[in-house]
Amino acid sequence: MVRKMSIPNKIPYDSLFDLWRTWLAQNEWMPLDKWLKNQLRKNTNPYSEFASSKNQNRELSLCMFSAMRYFQLACAMEESYQRQEIFNWVEWDRNWVLSSAKKIPVAGFWFWIALREKNENAAPKALRDAAARKTWFEKLEHYFSVTEQPQDILLWSGLRPQWLSLLEERKDASQWSHEQLTDFIEQQNSAPPLWLRVQKSLPMNEVVKKLQQDSVHVELDAEGHLFAAGGKHLSGAQAHKEGLVEIQDLASQQIALAVDVKPGQKVWDTCAGAGGKSLAIASRMNNKGVIIATDLHGYKLEELKRRSKRAEFHNIRSFEWAGNEPLRLPKEIAQQQGFDWVLVDAPCSSAGTWRRNPDARWRFNPTDTAELIGLQQQILTNAVKAVRANGHLVYATCSWQVSENETQVEWFLKQNTDFTLVSQTMLGAPHQDSDAMFVAVFQKN
């Protein structure tokens with residue numbers, strides 16, 4: 001079911017080139033999806049001379065996401081072409097910087113992207129040296145097809161050669177075969193489906209019927225999981241307005257299931273954000289018990305309030321918590337000396353979401369990871385104090401890095417000898433067509 005969302009055959013290159021120049025002009029890249037939403041909203045303004053159709057905006061978005069998947073590779077191919085030389089790509093990668101893309105002729109950059117996406121028909125036609133570029137591309141394509149250097153294969157696959165050791169560390173920790181690691185790498189350049197979660201006790205066939213009646217095309221995978229496959233956007237469907245379904249990645253759904261809550265229990269979702277996992281947990285509580293949802297950012301919790309009201313979940317309470325000190329327990333939680341379940345869905349590098357957010361891979365760096373590891377440990381240190389005897393703590397990230405996952409589990413157990421590890425596992429890719437996430441469950445003795 002892996003879907004390759006590549007660039008279309010016909011591209012509005014005048015608009016795309018302007019969009020690309022605007023993107024490169026940023027001093028610091030913001031998330032591409034949010035940036036595109038702002039930029040393309042201007043395109044649909046009927047009073048703008050640059051107004052374009054929704055269909056064209058979709059084409060522009062597909063192109064920009066393709067560019068982010070193979071961004072570094074396009075830079076490598078341009079420099080290799082200009083010098084007529086195949087480099088030591090590991091050395092080249094050490095010195096490569098994002099800003100080097102600004103020096104590449106815009107049409108030349110998109111020529112490489114179109115050919116790498118195996119869509120020569122979409123390549124810009126105005127290049128005087130198009131034939132020479134195509135010949136050089138074929139030479140590089142042959143080189144990468146026969147090389148036995150794993151770092152070179154990463155570059156061709158849209159990943160930095162210097163990430164090889166991190167990926168091999170993940171392979172060893174998860175006991176993946178070489179083929180599974182290859183599948184994982186190849187998956188990074190295909191978008192996973194828009195997974196949906198049914199959050200009320202309505203038979204799946206009735207939910208599917210209601211969605212199809214509103215022209216939302218949905219399908220079930222082999223294991224019975226629901227995903228959107230086209231048609232109208234989910235937000236306009238009555239089933240969504242009634243709180244019957246929510247958008248939630250399959251791996252994220254499985255993290256919520258790791259919180260094996262029973263009606264009447266008390267749960268703390270420490271880093272709730274917009275509340276996807278809080279809602280998934282609440283769907284199994286029958287409005288009995290309580291969920292305390294906290295986050296550093298209050299505006300995210302406002303979205304949770306809207307979503308819980310739509311779903312008619314009345315047992316979710318939310319307020320801000322910065323993670324820098326233990327939580328002051330609400331009265332009913334203090335009476336039972338802590339929560340039955342504490343979920344720490346920790347801030348992380350988000351490396352496991354590169355399939356949906358390919359631009360994020362170019363913001364990824366070891367310095368940020370080190371800071372995040374410290375933050376994860378701080379949150380765990382303060383959250384663990386709220387777990388009652390025989391209660392559970394669930395630690396999760398949307399990262400595949402061992403340093404943020406298994407290594408943190410080892411650290412936690414050394415710091416908290418009154419806890420035992422129940423389970424730890426990677427979720428999603430490469431075994432499922434979804435993001436890659438990690439979850440560990442601990443129990444307090």
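## Exercises on a predicted model

Helix H13 (residues 250-258) is mostly covered, with seven of its nine residues buried. The model is predicted.

**Exercise 1. Which residues of H13 are buried, and which elements do they pack against?**

Step 1. List the buried positions. They are Leu 250, Ala 251, Ser 252, Gln 253, Ile 255, Ala 256 and Ala 258.

Step 2. Find the partners. One helix appears among them: H14 (276-282). The strands are E1 (194-198), E8 (339-345), E9 (387-397), E10 (419-428) and E11 (436-444).

**Exercise 2. At what angle do H1 and H6 pack, and which residues make the contact?**

Step 1. Take the geometry. Helix H1 (residues 13-24) and helix H6 (residues 106-116) pack at about 105 degrees. Their axes lie 11 Å apart.

Step 2. Classify the angle. Angles of 65 to 115 degrees count as roughly perpendicular. H1 is therefore roughly perpendicular to H6.

Step 3. Name the residues in contact. H1 supplies Tyr 13, Leu 16, Phe 17, Trp 20 and Arg 21. H6 supplies Val 106, Ala 107, Phe 109 and Trp 110.

Step 4. Sort them by class. The contact has eight nonpolar residues, no polar ones and one charged one.

**Exercise 3. Which residues touch the most other members of the largest nonpolar core?**

Step 1. Start with the core itself. It holds 95 residues. Trp 20, Met 64, Phe 71, Trp 110 and Leu 393 touch the most other members.

Step 2. Look for the main contributor. H6 gives the most to this core, with nine residues.

Step 3. Follow Trp 110. Leaving out residues up to four places away in sequence, Trp 110 touches Tyr 13, Leu 16, Phe 17, Trp 20, Cys 63, Met 64, Ala 67 and Pro 124.

Step 4. Check for a further core. Another one, of 30 residues, lies apart from the largest. Its members include Ala 258, Val 259, Ala 311 and Leu 427.

Step 5. Add the background. In soluble globular proteins, nonpolar side chains tend to be buried together.

**Exercise 4. How many disulfides does a search of the whole structure find, and why is Cys 398 not bonded to Cys 348?**

Step 1. Search the whole structure. The count is zero disulfides.

Step 2. Examine the pair. The nearest cysteine sulfur to that of Cys 348 belongs to Cys 398, 3.4 Å away.

Step 3. Apply the cut-off. A disulfide needs sulfur atoms within 2.5 Å. At 3.4 Å, the sulfurs of Cys 398 and Cys 348 are too far apart for a bond.

Step 4. Check burial. Cys 348 is buried, with a relative accessible area of 12%. Cys 398 is buried too, at 18%.

Conventions: Residues are numbered from 1 along each chain as its sequence is written. This is a predicted model: local features need pLDDT of at least 70, side-chain atom pairs count only at pLDDT 80 or more; totals for chains, interfaces and linings use all residues. Side-chain values use heavy atoms; hydrogens and water are left out. Axes are lines fitted to C-alpha atoms, for helices over the stretch in contact, and angles run from 0 to 180 degrees between N-to-C directions. Helices (H or I, at least four residues) and strands (E, at least two) are DSSP runs, numbered from the N terminus. Angles under 35 degrees count as roughly parallel, over 145 as roughly antiparallel, 65 to 115 as roughly perpendicular and the rest as oblique. Contact means heavy atoms within 4.5 Å. Ala, Val, Leu, Ile, Met, Phe, Trp, Tyr, Cys and Pro count as nonpolar, Asp, Glu, Lys and Arg as charged, and the others, Gly among them, as polar. A nonpolar core is a set of buried Ala, Val, Leu, Ile, Met, Phe, Trp, Tyr and Cys residues joined through side-chain atoms within 4.5 Å. Buried means under 20% relative accessible area, exposed over 50%, partly exposed in between (1.4 Å probe, protein chains only).
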